[in-house]
Every structure is written in C-alpha cells, then in structure tokens.
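These are my notebook entries from an afternoon of looking things up, one spot at a time. Feel free to follow along with the viewer open.

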Amino acid sequence: MIPDIATLAPLVGLLLLSGAFAGLLAGMLGVGGGIVHVPAFFFVFSTLGYESPKLMQVCLATSLAAIVITSLRSVAAHNKRGAVDWGILKTWAPGIVIGAIVGVFVAAQVRTEALEALFGIVAMLVGLYLAFGRPDWRLGQQMPGLAGRSVLSPLVGLLSVLMGIGGGTFGVPLMTLFGVAIHNAVATAAGFGALIAVPSVIGFLLVDVADAPPLTFGAVNLPAFVVAVSMTLVTAPIGAKIAHKLDGMTLRRSFAVFILIVAVNMLFTAFGS
C-alpha cells in the first residue's frame, strides 16, 4: 500500500535533511554518514508501518549503499588537500574487506532489537572516548604492524557493517590512538567507508527480507538510497572544506557530540519499548 502524500512528504523531507547532514558529517568527520542514515531510515520505515523483524537489516544495507557514494566523494575532496594516508588504506584494506563480508552473514541472522542495542552501545563508548579521553593518549607511536593489523582491521569491518556505518566511527579513534593526526585520520577513515560498503552491499543484495518496504532489492531500499545520496553528493565536499578549517580539538569534540546524540536515541529505541 502506498502512503498518502500528507504522510509521505514530511518523511521524504526528513530523508533529504538527514542526507544533507550525513554528507556534511562524512566530509567533516570521515564517518560515511551511516551514523545519521541508520536511525533516519529506521524512523521513516517504522512510521510508514513497516515492522519486519529484519527491518534493521534494510536500514543497515541501505545506509551502506549510500556510504559507497558518499565515501568516494569525501575521499576525493580530502585527497585534493593531500590529507589521505594511502599507505594505511592499502595495508588495512584486505582485513577490512574480510571483516565486512563476515559482518553481512552475521547481520542477516540477527534481529532488529539486537542490532539497535549494538549500534547504541558501541557508538556510546566511542563517543565517550572522544569526548573525555585525552588527545595525547596513545596505544603506540605508529599504526600497528601485520600482527595487530590482522586483528584490528577485520574488527573494524565487522562492527561497521553490523552498525551500517562507514569506517570513521572506529577508524578515527583508532588512528589517533596510534599517533595519526586528527585531520589525516578523518581523511583516511573516509576511505575505510568504501572498503566496508562495497563488499557488504553486494552481500546484502543477496539477502532475502520478508515484509520489506517497496522497491527493496535484497536488503537495499532503492528510494531511500536515492534520496539520501542526492543530498550527500552535494554536502560531503562542503564538510571536507569545513574540516580543514577547524582545529583538531574542535573536530574531535564535534565528532563526539554527534555520536553521543545518535547513540542515546538508538538505545532509547532498543530498550524503551
């Protein structure tokens, strides 16, 4: 059943606004935009009456599809400023891709409530670290070698897929803990998003979701994807420009505030009912 225009119009408007905001965050913070897309998609689909036990999978998959485009746009904008560390991207790529593929299989088996709770808890921990952790905290003076990378890179891919986000939420804190400057961490983490999103979206296109919203292919909803991407393509380069005008601490705290707001909202949704 197609919703009436009075119901549909404000929800499309919400997706346009959230898409624009997600693009700004992707450019500013290297997060891919999923930290905004996932709760926005979930609210819209729920409001329209789609309450499949696997609805969260549709939100994750659609978010990741949007992240493919947003991350590439964001990386291009940061690369023009020479901020992307291609050495980190190349060496971390294999593990991130493997973790993302595993994440699709795990997400396909987990109920919406569990994914909501995971999203909220992990986002809350990351936000608290960025808000209250000391900028000079270090786990090392350089990025981990092969042994550490073999563990951490698949974990970044796995958790990012389970939350429907790009690599920035985990990649930025991780890189800063190993001495990467915040601006370079943000720029490089934008590249993590594409590494996570491309293989996971291919996997989600093969997942069957019962009672999904109309025009959902596998677990990817085409209308939500188109609306979100139409805005992020415009705003991601603007966000990148803003990021390079901010000092490191302001950028870090901005990242923390946005993640904490979204985490609280998702935890309320998961445990409030």
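**Entry 1: T232**

I began with T232, which counts as buried because its relative accessibility is 0%, under the 20% cut-off. I noted early on that this is a predicted model, so everything here is computed from it. T232 sits in helix α9, which runs over residues 222–243. I then looked up its contacts, leaving aside neighbours within four places in sequence, and found G19, A22, G23, H37, T70 and P237. I also found that the side chain of T232 reaches the backbone oxygen of V229 at 3.2 Å.

**Entry 2: S18 in helix α1**

Next I went to S18, a residue of helix α1 (residues 5–29). Is S18 buried or exposed? I found a relative accessibility of 8%, so S18 counts as buried. Not counting residues up to four places away in sequence, S18 touches V36 and A40.

**Entry 3: Q57 in helix α3**

I moved on to Q57, which lies in helix α3. Its relative accessible area is 1%, so I wrote it down as buried. What does the side chain of Q57 reach? I found the backbone oxygen of A107 at 2.6 Å. Beyond its neighbours within four places in sequence, Q57 is in contact with A107, A108, V110, T112, L115, F204 and A219. I also checked Q57 against V156: they are 99 residues apart along the chain, and their C-alpha atoms are separated by 18 Å.

**Entry 4: helix α4, from end to end**

Helix α4 covers residues 86–107, and I tried a small calculation on it. The expected span is 1.5 Å times one less than the number of residues. For the 22 residues of α4 that gives 32 Å, and the end C-alpha atoms are 29 Å apart, which agrees. I did find a kink of about 45° at A93, shortly before the proline P94. At the start of α4, a side-chain oxygen of D85 comes to within 3.1 Å of the backbone nitrogen of G87.

Which residues of α4 are buried? My list reads I88, L89, W92, A93, G95, I96, G99, A100, G103, V104 and A107. I kept a general rule beside that list: an α-helix has 3.6 residues a turn, so residues three or four places apart point the same way. The cover over the buried residues of α4 includes α3 (55–79), α5 (112–132), α6 (146–163), α7 (168–177) and α8 (182–204).

**Entry 5: a pair of rings**

How many aromatic pairs does the structure hold? I found two. One of them joins W92 and F192, with 6.3 Å from centre to centre and 15° between the planes, and it is stacked. W92 lies in helix α4 and F192 in helix α8, so this pair ties together parts that are 100 residues apart in sequence. Both W92 and F192 are buried.

**Entry 6: helix α6**

I ran the length check on α6 too. Its 18 residues reach 26 Å from the first C-alpha to the last, close to the 26 Å expected at 1.5 Å a residue. The buried residues here are R149, S153, V156, G157, S160, V161, L162 and M163. What do they pack against? I noted α2 (34–47), α3, α4, α5, α7 and α8. Just after α6, G164 takes a positive phi of about 70°.

**Entry 7: the nonpolar core**

I then looked up the largest nonpolar core, which has 79 residues. Helix α3 gives the most to this core, with 12 residues. The residues with the most contacts inside it are I35, M56, L64, F119, M175, F192 and F204. F192 is one of these, and I had already met it as the stacked partner of W92. I picked M56 for a second look: not counting residues up to four places away in sequence, M56 touches V38, F42, T112, L115, E116 and M266.

**Entry 8: F217 in a strand**

My last stop was F217, found in strand β1 (residues 216–217). Its relative accessible area is 44%, so F217 is partly exposed. Setting aside residues up to four places away in sequence, F217 touches L205 and L222. I compared the position of F217 with that of D85: they are 132 residues apart in sequence and 35 Å apart in space, C-alpha to C-alpha.

Terms used:
Residues numbered from 1 in each chain as written. Predicted model: local features only at pLDDT ≥ 70, side-chain atom pairs only at ≥ 80, totals over all residues. Heavy atoms only, no water. Helix = DSSP H or I, 4+ residues; strand = E, 2+ residues; numbered from the N terminus. Buried < 20%, exposed > 50% of the residue type's maximum accessible area, 1.4 Å probe, protein only. Polar contact = N/O pair within 3.5 Å; in protein donor to acceptor, adjacent residues only side chain to side chain. Contact = heavy atoms within 4.5 Å. Bend = angle between axes of the 7 residues up to and from the residue. Core = buried A, V, L, I, M, F, W, Y, C linked by side-chain atoms within 4.5 Å. Phe/Tyr/Trp six-rings, centres within 6.5 Å; stacked < 30°, edge-to-face > 60°.
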